[in-house]
Amino acid sequence: MTAVEMCEALASNRIDIAFMSQPTPLELPKNLEQLVFWSGHYELCLAKSHKMANKSVLTAQDVSELPLILLPVSAHPRQYSFQIDALKEIGAVPQIYPSAVTNVGGQIGLAASGAGACMIVPGTMELTPDVCSIPTTPPLPEMKMTIFWRKKSLNPLVERFMLLVKNYQI
């Protein structure tokens, strides 16, 4: 599900819990508990065959030269704006590669094909051998992975899961 779809499913009680990055869509119901369970800085993922793949860090000028593969604004408008603003904050002038992919795996696949670069957070998913992840200088902001659930869930599995998460949180 896209983040917007998860928000709608939470609002209509079709799901009890959701894992989303912040910022969340405006459609997120207000009556939810939340717990940030992990965070990490964004980096740029590009094909290992790309001329910039051997750099240890990418400058704002480097980033400005890369077509960027972002999730469509319709899939998560606030996340799209957050990423555009983050690129501008480091001094980059984003060039957006038009794409309809709605998940990070699709973005990475396009980056692997040489279409451009996408923003990822290392450790959130396994990268294929034909791509690499490179930080920027200055660094891009953190992505915060968050669990959302209803404050008074009637699902005992959700309550038990959240107790386990809270007990093991680092």
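Start by selecting α1 (3-11), β1 (17-22), α3 (77-89), α4 (104-112), β6 (117-120) and β8 (142-150): each of these gives at least two residues to the lining of the largest pocket. Bear in mind as you click around that this is a predicted model.

Now show the pocket itself. Its volume is about 570 Å³, and 27 residues line it. To get to the middle, pick Ser 21, Leu 71, Val 104, Met 143 and Met 145, the lining residues that lie nearest the centre of the largest pocket. Then colour the lining by residue class: you'll get 17 nonpolar residues, ten polar ones and no charged ones.

Next stop, helix α5, residues 156-168. Its 13 residues run 19 Å from first C-alpha to last, close to the 18 Å expected at 1.5 Å a residue. Select Val 158, Met 162 and Val 165, the buried residues of α5. They sit on the same side of the helix, because the arc they cover around the axis is only 60°. Bring up β1, β2 (32-41) and β8 as well, since they are among the elements covering those buried residues. Then spin round to the face turned away from the buried side, where Pro 156, Leu 157, Arg 160, Leu 163, Asn 167 and Tyr 168 are exposed.

Last, hop to Asn 54, in the loop between β3 (43-47) and α2 (60-65). Is Asn 54 buried or exposed? Its relative accessible area is 69%, and anything over 50% counts as exposed, so Asn 54 is exposed. For a final distance, draw a line from its C-alpha to that of Cys 7: the two residues are 47 apart along the chain, and their C-alpha atoms are separated by 39 Å.

Conventions. Residues numbered from 1 in each chain as written. Predicted model: local features only at pLDDT ≥ 70, side-chain atom pairs only at ≥ 80, totals over all residues. Heavy atoms only, no water. 1 Å grid on protein atoms, 1.4 Å probe; cavity = no way out; pocket = protein on both sides within 12 Å on 5 of 7 lines; lining within 4 Å. Points joined across faces, edges and corners; volume = space filled by probe spheres on them. Helix = DSSP H or I, 4+ residues; strand = E, 2+ residues; numbered from the N terminus. Nonpolar A, V, L, I, M, F, W, Y, C, P; charged D, E, K, R; others polar. Expected span 1.5 Å × (residues − 1). Buried < 20%, exposed > 50% of the residue type's maximum accessible area, 1.4 Å probe, protein only. Arc of directions from axis to C-beta. Contact = heavy atoms within 4.5 Å.
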